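I opened the notebook to keep track of what I looked up, going from the bound strand to the chain as a whole and then to single residues.

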Amino acid sequence: MPELPEVETVCRGMRPLLDGAILSEVIVRRSDLRFPLPPDFAARLTGQQVVRLRRRAKYILMEMADGQTVIMHLGMSGRIKLIAAADQPSARPLAKHDHVVFITDRGDYLVYNDPRRFGFMDMCAGDTLLSHKLFRDMGPEPLGNEFHPNGLTARLAGRKVAIKQALLDQKNVVGLGNIYVCEALFEAGISPFMAAGQVTMEQLERLVPRIQQVLRRAIEAGGSTLKDYARVDGELGYFQHSFRVYGREGEACKTKGCSSMIARAVQGGRSTFYCPVCQHVD
DNA sequence: CGTACACCCTGGCCGC
DNA sequence: TGCGGCCAGGGTGTAC
């Protein structure tokens, strides 16, 4: 599911029920996610108070009053479901693939569900987060001040890898996945096949704001729902209706006056959707 | 460093 | 109705 807009939407949705809540019970139904849960995961969290929820890249960070931070990644198919105390049936409302459940002192449930188990959780002391191997080599947040054409051109200088793949590399910029990279490159009129180091400053000055625009619009739409993804209340995102290229192979390009069809290619084992005309692909 | 690929896992969809 | 093959939003690790 989750690229930056989806993770951001989930994180925002968690705050009303989780901010300030005390975890009165933590249930681990499966500890073998992509990586095993840390030892004593449930015991270390039980009785602890949540002081802040935030997002870094595609990770949700849940900061606890004792200084520990829970790191959550949703992988491809992970979901967070919130079930308010008032909405609960008498029996515990758990379903298949509900792997970890946090129950707050208010009786609300936060359920981590992930059919494919590509997602995972970890814990670390909050002051060691930046040196954690997951975060150490990360590039800038695309919606933050550190993301700008000058920085990007420095990171991409001399790189022969295709710009599509370079933008998926979280060392260059975080939070982008297959959907939003395809969409942003289309919006900027840049071929996904260009060598990253060959992309001109003029093109990067177009690309950076287009990346930011597509991400902001997707957040406003509550993310994109293809299959698994839903907001924490079960509502679906609707940015998928705004896709210009993703998943539209063989359909007409929506650019006014362009009569081309959207094409699909495989780069690094993953589908790239693009307009050969608008993106100047020979 | 780049590329190509396999792999982690489940489920949905398509064609037969 | 069933089965095999293929596909999927992410990320890591290997060999060459």
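**Notebook: the DNA side first**

I looked up the surroundings of DNA strand B and found Lys96, His97, Pro115, Arg116, Arg117, Phe118, Arg159, Lys160, Val161 and Lys227, where a residue is near a strand if one of its heavy atoms lies within 4 Å of it. I note that this is a predicted model, in which local features need pLDDT of at least 70 and side-chain atom pairs count only at pLDDT 80 or more, while totals for chains, interfaces and linings use all residues. Residues are numbered from 1 along each chain as its sequence is written, chains are lettered from A and ligands numbered from 1 in the order in which they are written, and side-chain values use heavy atoms, with hydrogens and water left out.

I then sorted the surface near DNA strand B by class and got three nonpolar, one polar and six charged residues; here Ala, Val, Leu, Ile, Met, Phe, Trp, Tyr, Cys and Pro count as nonpolar, Asp, Glu, Lys and Arg as charged, and the others, Gly among them, as polar. On the strand's side, sugar or phosphate supplies 59% of the atoms within 4 Å of the protein, and bases supply the rest.

Which oxygen of DNA strand B does a polar side-chain atom of arginine 159 approach? I found a phosphate oxygen at 2.7 Å from that side-chain atom, and a phosphate oxygen also lies 3.1 Å from a polar backbone atom of lysine 160. For proline 115, a backbone N or O atom is 3.4 Å from a sugar or linking oxygen of the strand.

**The chain as a whole**

I counted six helices and 10 strands in chain A, both taken as DSSP runs numbered from the N terminus (helices H or I, at least four residues; strands E, at least two). Chain A is as compact as a globular protein of its length, because its radius of gyration of 20 Å is close to the 19 Å that the globule rule gives for 282 residues; the radius is taken over C-alpha atoms, and the rule is 2.2 Å times the number of residues to the power 0.38. Along the principal axes, the C-alpha trace of chain A spans about 60 × 40 × 30 Å.

Of the 282 residues in chain A, 53% are buried (under 20% relative accessible area, with exposed over 50% and partly exposed in between, using a 1.4 Å probe and protein chains only).

**Two loop residues beside the strand**

I checked the backbone of histidine 97, in the loop between strand S5 (79-83) and S6, and saw a positive phi of about 70° although this residue is not a glycine. Arginine 117, in the loop between strand S7 (109-113) and strand S8 (120-125), likewise has a positive phi, of about 55°. I added a reminder that most residues other than glycine have a negative phi. Histidine 97 is partly exposed at 30% relative accessible area, and arginine 117 is partly exposed at 26%.

**Aspartate 98**

Is aspartate 98, in strand S6 (residues 98-104), buried or exposed? I found aspartate 98 to be buried, with a relative accessible area of 2%. Its side chain makes a polar contact of 3.1 Å with the side chain of lysine 81; such a contact is a pair of N or O atoms within 3.5 Å, and within protein one must be able to donate a hydrogen and the other to accept it, while residues adjacent in sequence count only if both atoms are side-chain atoms.
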